[in-house]
Amino acid sequence: MSASFAILQRVRESLAIARLPRPPMPTASGLPEIVDSLAVFRDAVNALGGRVFSPEPDAVVGLIVERARNAGAGDLMAWDDLPIPGMADAFARAGMRVLDAVLPVEASGRTERLALLEGAAVGLTGAEVGIAETGSLVLASGERRSRLAWLLPPCHIALLSRTRVLPTLESVFVAHPNLCVGSAEVALIAGPSRTADIELTLTRGVHGPRELEIILLP
Amino acid sequence: MSGSPGLPDFGQRVAKALADGQLRTALNRATGRFLRLRAEGLASLPDPDASRDRARAIRAETLASLDEHLEQFADRVAEVGGHVHWAADAAGATAIVLNIAQRCGAKLVVKSKSMISEEVHLNLALERAGIRVVESDLGEYIIQLARETPSHIIAPAIHKTKEQVGELFHELLGVPYTDDPKEMTRVARAALRTVYLEADLGVSGVNFGVAENGTIAIVTNEGNASLATSAPRVHVAMMGIERIVPTLADLAVMLRVLARSATGQKASVYTDLITGPRRPGDPDGPEELHIVLLDNGRSRVLGGPSAEVLYCIRCGACLNACPVYREIGGHAYGSVYTGPIGAVLTPALEGIDKWSDLPQASSLCGACREVCPVRIDLPRLLLEGRRQAAEAGRTPLWSRLLLRAYRHVATRPWLFRLALRGSRLLTRAIARDGWLHRLPPPLSAWTATRDFPAFAERSFSMAWRAGRRR
């Protein structure tokens, strides 16, 4: 008898005699009412200690380079499918190097590659959507989209289309039903990494980035 | 890790905790702060009770057909390339993880917080096999260095002062002493970075498994689960069989009340939704994903009188609200799960014989039920635990005799009135300023740490009768 069969069998036997309280599903959704998603999103991110920028269309590349330089970037990790023309050239002109973020499949060489990536000062990524209620970014891994880019570097710069901010997580799952099926990793990120494990003192940047900067694309 | 508490052990642990002034200060500060943050967090919702009712209804519906949801979950995980392992008990779970670790030649394991791994004592099993295990949650890292166990579900090192952590880091990590939490956090970040990069295996817990698509959701504020499940070549996720939600829409409801109930946040900083291992073309992520589904008594609890305890989503709010937990802290319970939920869950999973004292660690005030995001009737479950303890003959003789005597008196009104009059005369005769400061044994157990009030001049029933006449 397999372990799964035995456990499921016990679950079924218990359910046959179970006396679980079964309250009815309430009609009220309990969802917050959010009218201006973009404004609520911006306030929520700021309250979490992140920053939001809204550059003009022709200033986007310049702003990205400026924020990366501000974070001390020599090396950076970056998604290489970002819809920003001229990005690679701008980094090269600024003397910044985009690291190869592809990890080897085999165990050998993985640690070395990770150690190299650990030196990146900035991670530059896109974002699927923003969530107004929580100030969260929704990021999805995939081809040319490294998940370590939003985790390893001390500064994370995320590009988000300003038309893609939705009120709640529920609305994200409704609008993007294949989000999780389509990616091995989907991260909802609300502000910079933080801890309060030592005497409840809030400290930013414990394992993930200390800085979270969101650039809203026109 | 777990004690084997008979009543004297439990009493000794409680006495030790109550005598520790530093612990009680830390507990009071932390639990008070968590409660305030929780209240503020829920107040940010237009109808917090509707969200909690919804969360409760989802838990109830899920468990009522748990077998179907589990099967669907396991099928979906397999479809996206993950491996599902079923563990009947703690030994089964550790054997599965050890087997995976040895097969991939693991020497170093990085862990993000997992109560299941504590429940099955995974670290011990791995270390016995010569594998180094490092906890990555800052609180867990601290208590691992101190060779202690978690004292709170979401704040494992709640009992340690910053000076104690500073000493610990100075001694064990060889860094200059500091009591600045920011500096200590920086030290821990640097130390743990090396671990992430070199670990062969990442072990995590699971907050929820989503049946409809095989996604597992893991929440942290530090980002440690994200790194522990992304950098190492193999990821093992451990979850109890009850931690299922049917759909992503249900998950959204649960996450909304989980973060607010735990820390008052609208959302935890990192919510990782993991659906299978690294895919072809992905630049990173683990090559293998293993999900360990642990039963360890849950399927049996489901059919018993304490089944409602399985609704729990491990937010820790009942710990913060409990007047007993707030005084004695987590370690006094002697079990992995502490506070009101631990006092119900531990005996339910491991048997009342070993844990008959835990359901007594409650005043039955109901504060736990008031703050529970899924409205578990914890006082009822605590009473159920006491009933089982009494049935198993685990009630001390003096308590049984006393209760029998009380029943004899209380069911005879003339005798009750007589006893009342006697007590009133006696206590008022020996009281000073209306209080009894010292009583002979066994009543001295009460007066050793507090006074006892003398009986009132007029009993409630006397006042009641007088009021009715007017």
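In this predicted model, the contact between the two chains draws 73 residues from chain A and 83 residues from chain B. On the side of chain A that touches chain B, at least two residues each come from α1 (3–17), α5 (110–117), α6 (169–175), α7 (179–182), β9 (185–189) and β10 (194–195). The most generous of these contributors is α1(A), which gives 12 residues. Sorted by class, this side of chain A holds 38 nonpolar, 18 polar and 17 charged residues.

The strands take part in the meeting of the chains as well. β9(A) is joined by five bridges to strand β9 of chain B (residues 270–274), and the two strands run antiparallel. Within the facing strand, β9(B), the residue opposite A:L188 is B:T271. β9(A) thus appears in two descriptions of the contact: it supplies at least two residues to the side of chain A that touches chain B, and it is bridged to a strand of chain B.

Turning to chain A as a whole, seven helices and 12 strands are found. The C-alpha trace of this chain spans about 70 × 50 × 40 Å along its principal axes. Of its 218 residues, 48% count as buried. Contacts that reach far along the sequence are well represented: among those between residues at least 6 apart, 74% join residues at least 24 apart.

Strand β4 of chain A (residues 122–126) offers a good view of the interior. Five of its five residues are buried, so the strand is largely enclosed by the rest of the structure. Both faces share in this burial, with A:V122, A:L124 and A:G126 pointing one way and A:G123 and A:T125 pointing the other. β4(A) pairs in the parallel sense with strand β2 of chain A (residues 75–78) over three bridges. It also pairs in the parallel sense with strand β7 of chain A (residues 155–161), here over five bridges. A:L124 is a handy landmark for following both pairings: A:A78 stands opposite this leucine, and A:I157 is its bridge partner in β7(A). The same residue, A:L124, is among those buried in β4(A).

Chain B contains an open sheet of six strands, arranged in the order β1-β10-β7-β4-β2-β3 with parallel pairing. At its edges stand β1 (83–87) and β3 (132–135), each with a single partner strand, so one side of each is left without a neighbour in the sheet. From one strand to the next, the twist averages 20°. One of the pairings in chain B can be followed in detail: strand β2 (residues 108–111) and strand β4 (residues 201–205) run parallel and are joined by three bridges. In this pair, B:V110 stands opposite B:G202 of β4(B).

Helix α12 of chain B (residues 248–263) completes the picture. At 1.5 Å a residue, its 16 residues should span 22 Å, and the end C-alpha atoms are indeed 22 Å apart, so the expected and modelled spans agree. Burial extends along nearly the whole helix: 15 of the 16 residues of α12(B) are buried, so the helix is largely enclosed by the rest of the structure. Just after α12(B) comes B:G264, a residue whose phi is positive, near 80°.

How values were computed
Residues numbered from 1 in each chain as written. Chains lettered and ligands numbered in written order. Predicted model: local features only at pLDDT ≥ 70, side-chain atom pairs only at ≥ 80, totals over all residues. Contact = placed C-beta atoms within 7 Å. Helix = DSSP H or I, 4+ residues; strand = E, 2+ residues; numbered from the N terminus. Nonpolar A, V, L, I, M, F, W, Y, C, P; charged D, E, K, R; others polar. Pairing = 2+ DSSP bridges. Buried ≥ 20, exposed ≤ 12 C-beta atoms within 10 Å, placed from the backbone. Axes fitted to C-alpha atoms, helices over the stretch in contact; angles between N-to-C directions. Expected span 1.5 Å × (residues − 1).
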